[in-house]
Amino acid sequence: MQTKPFRIGTRGSPLALAQAHEARDRLMAAHGLPEEMFEIVVLSTKGDRITDRSLAEIGGKGLFTEELEQQLTSGDLDIAVHSAKDMPTRLPEGLCLSAYLPREDVRDAVIGRTAPKLIDLPHGATVGSSSLRRQALIRRMRPDIKVITFRGLVETRLRKLQEGQVDATLLALAGLKRLGKVDVITDILAAETFPPAPAQGAICIESRTSDARIDALLAPINDTATFDTVSCERAFLAALDGSCRTPIGGYAICEGDQVRFSGLIITPDGRNQHAVSVDGHRRDAAALGTRAGQEIRARAGSSFFDDWS
């Protein structure tokens with residue numbers, strides 16, 4: 001029987017802490033354990049410390065996970081809680097994504113200062129975003145808009161917006177909901193026309209592979225629909241070697257025992273794109289994502305990816 005607290009690793013941002021607390025609360029409820037049986041351990045990551053450059057410039061998604069994964073591997077942490085869209089498709093040897101919490105809304109939200117919707121912004125307006133996917137999709141919608149890199153905590157980005165540094169910014173609707181900040185939203189973009197990042201809106205839990213004690217701890221809180229849809233989306237990313245350097249959108253939906261996936265690749269300037277849709281049985285979710293990635297790569301041709309790295 002466990003006598004010392006389970007150690008839950010997380011980044012220190014308000015959103016990361018909200019996600020870690022949600023994971024802890026679900027574990028407490030699932031196992032009837034008191035709060036003192038869980039210790040939340042806050043670690044600073046390179047991605048948190050470097051905020052003046054895009055993730056593509058400084059190394060990609062692993063910048064938000066490396067420090068946590070080192071302590072998972074060493075045994076100093078029992079689990080780590082992450083935003084699933086921050087996770088590289090290749091994890092360190094001996095680690096796995098063992099559970100997902102029920103997914104929030106996958107869509108992107110607009111926070112507009114000079115107009116509520118992207119389509120209504122003044123000609124030549126400036127929009128801030130750190131996501132190459134969002135930047136490319138904005139340029140597809142409004143080629144006249146100037147898009148600038150806009151990193152930092154949600155609170156930091158909202159402050160920069162209010163200071164007038166940009167006319168609008170985009171953030172994940174899920175994060176704004178978890179932070180209780182839905183009142184700042186001026187528009188919500190449909191996933192069909194503005195596809196989200198793969199795994200957007202999902203909280204994942206990373207642990208050591210084949211750790212039976214931790215597997216038993218996490219099993220009751222794993223949401224199988226989220227597990228299947230995100231597994232499909234991450235397989236799509238992996239087939240395209242997707243990272244923060246690549247503008248890729250995609251989302252899957254479970255309907256009974258079926259899963260339906262839609263994906264998009266787009267050049268950074270927003271001018272060229274290829275879309276794909278597949279569906280099949282949920283047990284084949286990851287294989288469907290792989291197939292979609294392979295199909296869209298073959299259709300686009302190798303030259304489509306030349307400017308991505």
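At 23% relative accessibility, cysteine 96 counts as partly exposed. This residue offers a convenient entry into the structure, which is a predicted model. Cysteine 96 lies in strand β4, which covers residues 95-100. Leaving aside residues up to four places away in sequence, cysteine 96 touches Leu91, Ile205, Glu206, Ser207, Arg208 and Thr209. Among these partners, Ile205, Glu206, Ser207 and Arg208 fall within strand β10, which runs over 203-208. Cysteine 96 may also be compared with a residue far along the chain: aspartate 284 is 188 residues away in sequence, and the C-alpha atoms of the two are separated by 19 Å.

A cysteine invites the question of bonding. How far is the sulfur of cysteine 96 from the closest cysteine sulfur? The distance is 11 Å, to cysteine 204, and this is too far for a bond, because a disulfide requires a pair of cysteine sulfur atoms within 2.5 Å. The case of cysteine 232 can be argued in the same manner. Its closest cysteine sulfur belongs to cysteine 254 and is 8.7 Å away, again too far for a bond. Cysteine 232 has 0% relative accessibility and therefore counts as buried, whereas cysteine 96 is partly exposed. By the distance rule, the count of disulfides comes to 0.

The view may now be widened to the whole chain. It contains 10 helices and 13 strands. The radius of gyration is 19 Å, close to the 19 Å that the globule rule gives for 309 residues, so the chain is as compact as a globular protein of that length. Along its principal axes, the C-alpha trace spans about 65 × 45 × 35 Å. Buried residues make up 53% of the 309 residues. Of the contacts with a separation of 6 or more, 69% join residues that are 24 or more positions apart.

The surface and the charges complete this overview. The accessible surface comes to about 13,400 Å², and carbon and sulfur atoms account for 48% of that area. The chain carries 39 positive and 41 negative side chains, and the centres of these two sets lie 4 Å apart.

Helix α4 shows burial at the level of a single element. Which residues of this helix, spanning residues 66-74, are buried? They are Glu67, Leu68, Glu69 and Leu72. Just after α4, glycine 75 takes a positive phi of about 90°.

The backbone angle phi deserves further attention. Most residues other than glycine have a negative phi. Alanine 199 is not a glycine, yet its phi is positive, at about 75°. Alanine 199 occupies the loop between β9 (187-189) and β10 (203-208). With a relative accessible area of 2%, alanine 199 is buried.

Serine 210 provides a second case. Although serine 210 is not a glycine, it has a positive phi of about 60°. Its place is in the loop between β10 and α8 (212-218). Is serine 210 buried or exposed? Serine 210 is exposed, because its relative accessible area is 68% and the cut-off for exposure is over 50%. Alanine 199 and serine 210 thus each have a positive phi, but alanine 199 is buried while serine 210 is exposed.

Definitions and conventions. Residues are numbered from 1 along each chain as its sequence is written. This is a predicted model: local features need pLDDT of at least 70, side-chain atom pairs count only at pLDDT 80 or more; totals for chains, interfaces and linings use all residues. Side-chain values use heavy atoms; hydrogens and water are left out. Helices (H or I, at least four residues) and strands (E, at least two) are DSSP runs, numbered from the N terminus. The radius of gyration is taken over C-alpha atoms; the globule rule is 2.2 Å times the number of residues to the power 0.38. Buried means under 20% relative accessible area, exposed over 50%, partly exposed in between (1.4 Å probe, protein chains only). Contact means heavy atoms within 4.5 Å. Accessible areas come from the Shrake-Rupley method with a 1.4 Å probe; for residues, only the protein chains shown count as cover. Lys and Arg count as positive and Asp and Glu as negative; His and the chain ends are not counted. The place of a charge is taken as NZ of Lys, CZ of Arg, CG of Asp or CD of Glu.
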